[in-house]
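Work through the exercises below with the sequence and the coordinates open. Try each task before reading its solution.

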Amino acid sequence: MLGDPAPRRAIPFGIASFRIAGYALWPFGRTTVVRHDAGAGSLIGNVIWIIFAGWWLALGHIVTGLALCVTIIGIPFGIANFKMIPVSLMPLGRDIVPTDEPFAAR
């Protein structure tokens, strides 16, 4: 239906998914910071995200990170997987910034 407002409700989850994808593509030299101006909408969205997607994404990163840390070559990628856990568990209300400016975003 053309005037259905349902797609607008999914926009924050889509933006969060692209944020996670960009961070997963190149996690080195970047970090996540919590946005203190995020309101109750982020809290409610994070609860919905944890129920439907976050817990299994975080569990997948834990398992993959442990498997990668078995070899010496995989240790940096395992650490990158462990860095992905907070943003994949609760992506709303977080920003991804370069590591030289984590305090500038606050």
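## Exercise 1: Two positions in one helix

Ser 88 has a relative accessible area of 0%, so Ser 88 is buried. The model is a predicted one.

**Task.** Place Ser 88 in the secondary structure, and list its contacts beyond four places in sequence.

**Solution.**
- Step 1. Find the element: Ser 88 belongs to helix α4.
- Step 2. Set aside the neighbours within four places in sequence; Ser 88 then touches Ile 20, Trp 49, Gly 54, Leu 57, Ala 58 and His 61.

**Task.** Is Met 84 buried or exposed? Which residues does Met 84 contact, leaving aside neighbours within four places in sequence?

**Solution.**
- Step 1. Met 84 sits in helix α4, which covers residues 75-89.
- Step 2. The cut-off for buried is under 20% relative accessible area. Met 84 has 3% relative accessibility, so it counts as buried.
- Step 3. With neighbours within four places left aside, the contacts of Met 84 are Ile 20, Tyr 23, Ala 24 and His 61.
- Step 4. Ile 20 and His 61 appear in the list for Met 84 and also in the list for Ser 88.
- Step 5. Now take a C-alpha distance. Met 84 and Leu 57 are 27 residues apart along the chain, and their C-alpha atoms are 9.2 Å apart.

## Exercise 2: Two aspartates

**Task.** Where does Asp 37 lie, and is Asp 37 buried or exposed?

**Solution.**
- Step 1. Asp 37 lies in the loop that joins β1 (30-34) to α3 (40-68).
- Step 2. Exposed means over 50% relative accessible area. Asp 37 reaches 60% relative accessibility and therefore counts as exposed.
- Step 3. Its C-alpha atom is 10.0 Å from that of Arg 94, with the two positions 57 residues apart along the chain.

**Task.** Repeat the analysis for Asp 100: which segment holds Asp 100, and is Asp 100 buried or exposed?

**Solution.**
- Step 1. Asp 100 is in the segment that follows β2 (94-98).
- Step 2. Relative accessibility is 67%, so Asp 100 counts as exposed.
- Step 3. Asp 100 and Thr 31 are 69 residues apart in the chain; their C-alpha atoms are separated by 9.2 Å.

## Exercise 3: Surface patch and pocket

**Task.** Which residues form the nonpolar surface patch? Where is Leu 43 found?

**Solution.**
- Step 1. The patch consists of Leu 43, Ile 44, Val 47, Ile 48, Ile 51 and Phe 52.
- Step 2. Together they offer about 630 Å² of accessible area.
- Step 3. Leu 43 is part of helix α3. Its relative accessible area is 57%, so Leu 43 is exposed.

**Task.** What volume does the largest pocket have, and which residues lie nearest its centre?

**Solution.**
- Step 1. The volume of the largest pocket is about 170 Å³.
- Step 2. Its lining has 13 residues; Ser 42, Asn 46, Met 90, Leu 92 and Gly 93 lie nearest the centre.
- Step 3. Helix α3 gives the largest share of that lining, 5 residues.

## Exercise 4: The whole chain

**Task.** How many helices and strands does the chain have, and what pattern do they follow along the sequence?

**Solution.**
- Step 1. Count the elements: 4 helices and 2 strands.
- Step 2. Read in sequence order, they run α-α-β-α-α-β.
- Step 3. The chain has 106 residues, and 27% of them count as buried.
- Step 4. Take contacts between residues at least 6 apart in sequence: 73% join residues at least 24 apart.
- Step 5. The chain exposes about 7100 Å², with 74% of it from carbon and sulfur atoms.

Definitions and conventions:
Residues are numbered from 1 along each chain as its sequence is written. This is a predicted model: local features need pLDDT of at least 70, side-chain atom pairs count only at pLDDT 80 or more; totals for chains, interfaces and linings use all residues. Side-chain values use heavy atoms; hydrogens and water are left out. Buried means under 20% relative accessible area, exposed over 50%, partly exposed in between (1.4 Å probe, protein chains only). Patches are made of residues with over 30% relative accessible area and no salt bridge: like charges are joined within 9 Å, nonpolar side chains (Val, Leu, Ile, Met, Phe, Trp, Tyr) within 5 Å. Accessible areas come from the Shrake-Rupley method with a 1.4 Å probe; for residues, only the protein chains shown count as cover. A salt bridge is a side-chain nitrogen of Lys or Arg within 4 Å of a carboxyl oxygen of Asp or Glu. Contact means heavy atoms within 4.5 Å. On a 1 Å grid over the protein atoms alone, a cavity is a set of points where a 1.4 Å probe fits but cannot get out, and a pocket is an open set with protein on both sides within 12 Å along at least five of seven lines; lining residues have an atom within 4 Å of a point. Grid points are joined across faces, edges and corners, and a volume is the space filled by probe spheres set on the points.
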